[in-house]
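Please look at the chain below, first as an order of helices and strands and then as a packing of side chains. The paragraphs that follow take the same route.

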Amino acid sequence: MGSRNYATHSNAKKMKYEPIEEPHDKITDELNDEFDDDPTDILTQEDLPVNLSKKERFGRLLVGELPRCPECLKLLRKRALERCDYCGFSFSYLEKLLPVKQLPPLETLLDFSKKLEDNEKERILEAISFIHKRYPQFIPKVCLLPLQSDAEVQQMALWMINKCPVIEGETEADKEWYVLLLIDTSAAKCALTYGYQAEIFIPDGSSSRLVSTLNRTLKKDRIGKDIEELLNGIVPILNSTKKTLKRKFKRFKRKN
């Protein structure tokens, strides 16, 4: 089972603007709380290969936590598990609704609902391009899809990020850095889902606020601007994360 277990090089045009970066004290405080514990509390040094650099060891320690079940939210015992050991959840119901063979490659922007005008698509691609230019390891994706009523948008996002084929120029390993915004246009709900490398850089609280803000606008006829604003909101979060992790890495180097 993949549970936030898998957060392309954008084909967007060159960005014509830069989002305004305002102070985000709440974001910084949240990141400080989230990374307050020493990374060595997650794994012991003995658990890591001896040939890793300090940066690689630090990164391995940060991604040590296992994913949660998308149904009961309990930590899974293994990163890849077909069925939750606690509640029995599996993605089998989604496989019946949208079999793996029918899953589309995850392009940078997919609008199966045909909700976006050409100018809206251009602005969304520009915002994605800006994220990728600032933080090249992150691979943002946006997909608008009218889901069936019995499909949960968060679970479908996890299913797609794990099972959709990669596009040309990407590898399966790149899925670890996916940031997928899936919008269910039937229910007017969205979900942000990350690869397990990417998820540690966007705290749950920050992610929930972005999703909640967008959800309040999804019943409008034109939603392109709101999607663009959510993407722009990711940049200051990553900026704050970068500063926090630099401080944590300095402490890690002193101890190791």
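Read along the sequence of this predicted model, the chain follows the pattern α-α-α-β-α-β-α-β-β-α-α, which amounts to 7 helices and 4 strands. Of its 256 residues, 52% count as buried, and the area that the chain exposes is about 13,600 Å², with carbon and sulfur atoms supplying 49% of that area.

A useful place to begin is β3, since several of the other elements can be placed by reference to this strand. On one side of the account stands β2, which pairs with β3 in the parallel sense over 7 bridges, and within this pairing Cys 143 is found opposite Leu 182 of β3. Together with α5, these two strands make a right-handed β-α-β unit. The other partner is β4, which pairs with β3 in the antiparallel sense over 6 bridges, with Leu 180 opposite Thr 193 of β4. β3 and β4 form a hairpin that has 4 residues between the strands, and in the turn Ala 188 has a positive phi of about 55°.

How many of the residues of β3 are buried? The strand is mostly covered, with 7 of its 7 residues buried, and this applies to both of its faces: Tyr 178, Leu 180, Leu 182 and Asp 184 point one way, while Val 179, Leu 181 and Ile 183 point the other way, and all are buried. The helix of the β-α-β unit, α5, is likewise described as mostly covered, with 9 of its 11 residues buried; among them are Val 153, Met 156, Leu 158, Trp 159, Met 160 and Ile 161, but also the residues Gln 155 and Asn 162.

In soluble globular proteins, nonpolar side chains tend to be buried together. Here the largest nonpolar core has 56 residues, and those with the most contacts inside this core are Val 142, Met 160, Leu 181, Leu 182, Ile 227, Leu 231 and Ile 234. At least two residues of the core come from each of β1 (109-111), α4, β2, α5, β3, β4, α6 and α7 (224-255), and α7 gives the most, with 7 residues. Leu 231 offers a view of one such neighbourhood, for this residue touches Ile 124, Ala 127, Ile 128, Ile 131 and Val 142, when residues up to four places away in sequence are not counted.

The aromatic rings add a further set of contacts, for the structure holds 4 aromatic pairs. One of these is formed by Phe 138 and Phe 201, whose rings are edge-to-face at 5.6 Å centre to centre, with 85° between the planes. This pair links distant parts of the chain, as Phe 138 is in the loop between α4 (118-134) and β2 (139-145), whereas Phe 201 is in the loop between β4 (189-194) and α6 (204-215), 63 residues apart. Phe 138 is buried, with a relative accessible area of 3%, and Phe 201, at 17% relative accessibility, counts as buried because the cut-off is under 20%.

Phe 201 also pairs with Trp 177, and here the rings are stacked, at 5.9 Å centre to centre and with 25° between the planes. Trp 177 lies in the loop between α5 (153-163) and β3 (178-184), and Phe 201 in the loop between β4 and α6, so this pair ties together parts that are 24 residues apart in sequence. Tyr 135, Phe 138, Trp 177 and Phe 201 form one aromatic cluster.

Conventions
Residues numbered from 1 in each chain as written. Predicted model: local features only at pLDDT ≥ 70, side-chain atom pairs only at ≥ 80, totals over all residues. Heavy atoms only, no water. Phe/Tyr/Trp six-rings, centres within 6.5 Å; stacked < 30°, edge-to-face > 60°. Buried < 20%, exposed > 50% of the residue type's maximum accessible area, 1.4 Å probe, protein only. Areas by Shrake-Rupley, 256 points an atom, 1.4 Å probe, with all protein chains shown as cover. Pairing = 2+ DSSP bridges. Right-handed = clockwise from strand over helix to strand, strands pointing away. Core = buried A, V, L, I, M, F, W, Y, C linked by side-chain atoms within 4.5 Å. Contact = heavy atoms within 4.5 Å.
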